[in-house]
Amino acid sequence: MPFPVMPWAQIAPNYHRSTILLGNGASIAVSPSFSYGSLLDHAQQRGLLAADVQRIFDFFGTSDFELVLRLVWQASNVNRALQIPDNSTRQAYLNVRECLIQAVCDVHPEHNVVSPQLPNMYRFLKEFDTVLSLNYDLLVYWTMTYGLNVDDRHAFKDCFQRNGGFDDNWSRYRERYREQNNTLVFYPHGSLALCRNAVEQESKIHNAGAGLLEAILQEWRSERVVPLFVSEGTMQQKVSSIQSSYYLSTVYREVLASQRAALTLYGWGIGEHDRHLLRRVRGTGIHRVAVSVFRGDQVYCNYAYQTLQDDLGPVQVDFFDSESPGCWIHAAPALEPVGLGQLEI
């Protein structure tokens with residue numbers, strides 16, 4: 001018997017002020033440019049990788065750009081500190097960096113392309129108390145900065161301080177300051193806006209709105225920092241990368257393990273390489289899960305239902321149409337005008 005796929009508005013009250021996890025399908029819904037296999041695939045197809053750089057990816061058995069960039073950056077810095085002549089490592093670092101920059105420029109839309117979608121994205125995400133974005137792109141960041149100009153007494157907080165560093169006492173941001181409600185945002189796999197320097201200090205690159213992407217690329221070119229995001233890899237490789245970062249490991253160890261009664265999954269294929277995230281939230285009190293479905297895909301419904309039972313235990317699963325009104329980039333239906341005969345006086 002097929003699983004029913006409901007409009008989001010029908011089940012939304014059951015997931016109000018709970019947690020949402022965004023996968024790559026959320027980004028693809030905003031821009032089809034995100035419909036690529038991987039950044040490494042894109043770079044290879046464009047012929048951007050030199051042979052020696054390809055050998056580094058092959059040697060470490062990874063397709064994670066961030067990991068390879070960090071490795072050659074650190075090696076280059078050590079050689080420079082010890083005054084060891086080694087132009088090969090330096091050139092490999094510059095090549096990997098430029099390949100990553102070019103790949104990001106190719107696939108990431110500009111702010112002006114995304115901006116018409118931001119009001120709907122903002123209205124959708126503000127209904128949750130926690131947003132977990134698995135996407136390294138800037139869509140959620142731009143949604144947050146859009147909200148700075150919305151006078152609705154709601155605040156998005158990513159728990160980074162004014163100096164750019166992450167506040168490990170992140171739970172205190174749940175407290176309301178001047179806002180009526182707030183939403184905490186986390187990136188379990190990092191983000192283009194996050195970086196680390198030569199001594200592994202991690203921070204966020206600040207620049208509200210349209211200039212953020214260029215500010216990030218300028219920081220990478222400055223050689224002061226490398227990006228902090230997990231772009232590709234097996235489950236074991238991803239967990240290893242997460243554990244190498246203070247921010248990522250804190251999100252993994254503390255935020256994912258926080259108590260929650262309900263969970264919404266939007267645009268996430270629940271791939272084998274990401275199931276460690278589901279297993280991490282097991283035992284946190286989840287008793288129902290909402291799962292977005294693209295155009296009634298029953299094969300995915302069957303897979304998602306069984307995977308959730310296996311990884312979370314017995315939970316109620318509600319499937320909803322990823323393109324239904326009020327959901328992510330899709331505008332909520334206009335309210336019907338109320339006639340005088342319907343008013344209560």
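This is a short talk through one protein structure, from its sheets to its core and its helix contacts.

Good morning. One thing up front: this is a predicted model.

Let's start with the bigger picture of the strands. There is an open sheet of 8 strands with parallel pairing. Reading across, the order is β1-β11-β10-β9-β2-β3-β5-β4. Which strands stand at the edges? They are β1, residues 5–6, and β4, residues 154–157. Each has a single partner strand, so one side of each is left without a neighbour in the sheet.

Take the β1 edge. β1 runs parallel to β11, residues 316–321, and 2 bridges join them. Look at methionine 6: phenylalanine 320 in β11 stands opposite. A helix packs on this sheet too. That is α14, residues 298–312. α14 touches β1, β9, β10 and β11. Its direction makes about 155° with that of β10.

Stay in this region for a moment. Serine 324 lies in the segment after β11. Is serine 324 buried or exposed? Buried, with a relative accessible area of 3%. The cut-off for buried is under 20%. Which residues does serine 324 contact? Setting aside neighbours within four places in sequence, they are Pro7, Trp8 and His330. Arginine 295 is 29 residues from serine 324 along the chain. Their C-alpha atoms are separated by 9.9 Å.

Now the other sheet. This one is open as well, with 3 strands in the order β7-β6-β8. The pairing here is antiparallel. β7 and β8 stand at the edges. Each of those two has a single partner strand, so one side of each lacks a neighbour in the sheet. On average, neighbouring strands of this sheet are turned by 45° against each other, direction ignored.

So much for the layout; here is strand β6, residues 190–197. How many of the residues of β6 are buried? The count is 8 of the 8, so β6 is largely enclosed by the rest of the structure.

β6 has a partner on either side in the strand order. On one side is β8, residues 225–229, joined to β6 by 5 bridges. Glycine 190 has phenylalanine 229 in β8 as its bridge partner. Serine 191 is bridged to leucine 228, also in β8. Helix α5, residues 65–81, packs on this sheet. α5 touches β6 and β8, and its direction makes about 155° with that of β8.

On the other side is β7, residues 202–204, paired with β6 over 3 bridges. Cysteine 195 stands opposite serine 203 in β7. The hairpin of β6 and β7 has 4 residues between the strands. Within that hairpin, glutamate 200 takes a positive phi near 70°.

On to the inside. The largest nonpolar core has 109 residues. Which residues have the most contacts inside it? Phe65, Phe186, Trp220, Tyr247 and Trp328. Helix α6 gives the most to this core, with 9 residues. As background, nonpolar side chains tend to be buried together in soluble globular proteins.

Zoom in on tryptophan 220. Not counting residues up to four places away in sequence, tryptophan 220 touches Tyr93, Arg97, Leu100, Ile101, Val104, Leu192, Val225, Pro227 and Phe229.

Helix α9, residues 139–147, is mostly covered. Of its 9 residues, 8 are buried. Among them are Tyr141, Trp142 and Met144.

Last topic: two helix pairs.

The first pair is α4, residues 51–60, with α6, residues 87–107. Their axes come within 9 Å and cross at roughly 85°. Angles of 65 to 115 degrees count as roughly perpendicular. α4 and α6 are therefore roughly perpendicular to each other. Asp52, Val53 and Ile56 in α4 meet Ala92, Asn95 and Val96 in α6. By class, this contact has 4 nonpolar, 1 polar and 1 charged residues.

The second pair is α11, residues 235–243, with α12, residues 246–255. They pack at an angle of about 110°, with axes 6 Å apart. That makes α11 roughly perpendicular to α12. From α11, the contact involves Val239, Ser241, Ile242 and Gln243. From α12, it involves Leu248, Ser249 and Tyr252. The classes here are 4 nonpolar, 3 polar and no charged.

That's the tour. Thanks for listening.

Methods
Residues numbered from 1 in each chain as written. Predicted model: local features only at pLDDT ≥ 70, side-chain atom pairs only at ≥ 80, totals over all residues. Heavy atoms only, no water. Axes fitted to C-alpha atoms, helices over the stretch in contact; angles between N-to-C directions. Parallel < 35°, antiparallel > 145°, perpendicular 65-115°, else oblique. Contact = heavy atoms within 4.5 Å. Nonpolar A, V, L, I, M, F, W, Y, C, P; charged D, E, K, R; others polar. Buried < 20%, exposed > 50% of the residue type's maximum accessible area, 1.4 Å probe, protein only. Pairing = 2+ DSSP bridges. Core = buried A, V, L, I, M, F, W, Y, C linked by side-chain atoms within 4.5 Å.
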